[in-house]
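Work through the following exercises with the structure open beside you, and try each task before you read its solution.

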Amino acid sequence: MELAEQAWPYLSTAVSAYGVGVLTRAEDAAVEATANLGRRILQAVWRQRGEQGRAELEAAVQDVAADLKDGDAAAALRQQVKRALREDAELREELAEMLSAAGAGPVNVTASGERSIAAQTIGTAVTGDNVTLRP
């Protein structure tokens with residue numbers, strides 16, 4: 001499911017920022033847009049699920065929050081999202097709309113040349129010899 005793969009960076013950022021609270025947390029303007037989009041996506045999936053599905057989703061989110069580097073936990077959460085998307089056309093439409101509004105989609109970033117860097121988004125990038133940072 002392409003939508004689930006496109007949503008994954010947002011989902012992982014949201015889980016990283018909020019942990020399992022991502023499922024019930026209200027929007028916080030101070031949190032970056034990526035985490036808020038991931039939170040909104042997970043909450044949309046949460047609303048679509050029944051009691052058992054919510055328990056499974058919560059467990060998957062807890063596993064990812066406990067160890068963000070655990071690939072198996074991440075895969076289990078992605079599977080939960082994929083399952084929800086397969087089962088609910090309205091959810092697919094809602095998620096596609098969210099990702100489209102956020103400008104999510106394939107991103108190509110290229111760096112070429114010695115000491116070049118590439119990033120989709122970046123706060124501060126410092127390169128070169130004898131660089132000093134000033135406040």
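**Exercise 1.** In this predicted model, work out which residues are linked with R49 and E56 in a network of salt bridges.

*Solution.* Begin with the side chains of R49 and E56, which meet in a salt bridge with an N to O distance of 3.9 Å; this falls within the cut-off of 4 Å. Next, look for a further partner of R49: a salt bridge also joins R49 to E87, where the closest N and O atoms are 3.0 Å apart. R49 lies in the loop between helix 2 (33-48) and helix 3, while E87 lies in helix 4, so this pair ties together parts that are 38 residues apart in sequence. Putting the steps together, R49, E56 and E87 are linked in a network of salt bridges.

**Exercise 2.** Decide whether R49, E56 and E87 are each buried, partly exposed or exposed.

*Solution.* R49 has a relative accessible area of 10%, and because buried means under 20%, R49 is buried. E56, at 29% relative accessibility, counts as partly exposed, whereas E87, with a relative accessible area of 53%, is exposed.

**Exercise 3.** Determine how helix 3 (residues 51-66) and helix 4 (residues 71-87) are oriented towards each other.

*Solution.* The two axes come within 8 Å and cross at roughly 150°. Angles over 145 degrees count as roughly antiparallel, so helix 3 is roughly antiparallel to helix 4. The crossing of these helices is left-handed, and the residues that make the contact include E56 and L57 of helix 3 and L77 and Q80 of helix 4. Sorted by class, this contact has eight nonpolar, two polar and three charged residues.

Conventions. Residues numbered from 1 in each chain as written. Predicted model: local features only at pLDDT ≥ 70, side-chain atom pairs only at ≥ 80, totals over all residues. Heavy atoms only, no water. Axes fitted to C-alpha atoms, helices over the stretch in contact; angles between N-to-C directions. Helix = DSSP H or I, 4+ residues; strand = E, 2+ residues; numbered from the N terminus. Parallel < 35°, antiparallel > 145°, perpendicular 65-115°, else oblique. Left-handed = near helix turned anticlockwise from the far one by under 90°. Contact = heavy atoms within 4.5 Å. Nonpolar A, V, L, I, M, F, W, Y, C, P; charged D, E, K, R; others polar. Buried < 20%, exposed > 50% of the residue type's maximum accessible area, 1.4 Å probe, protein only.
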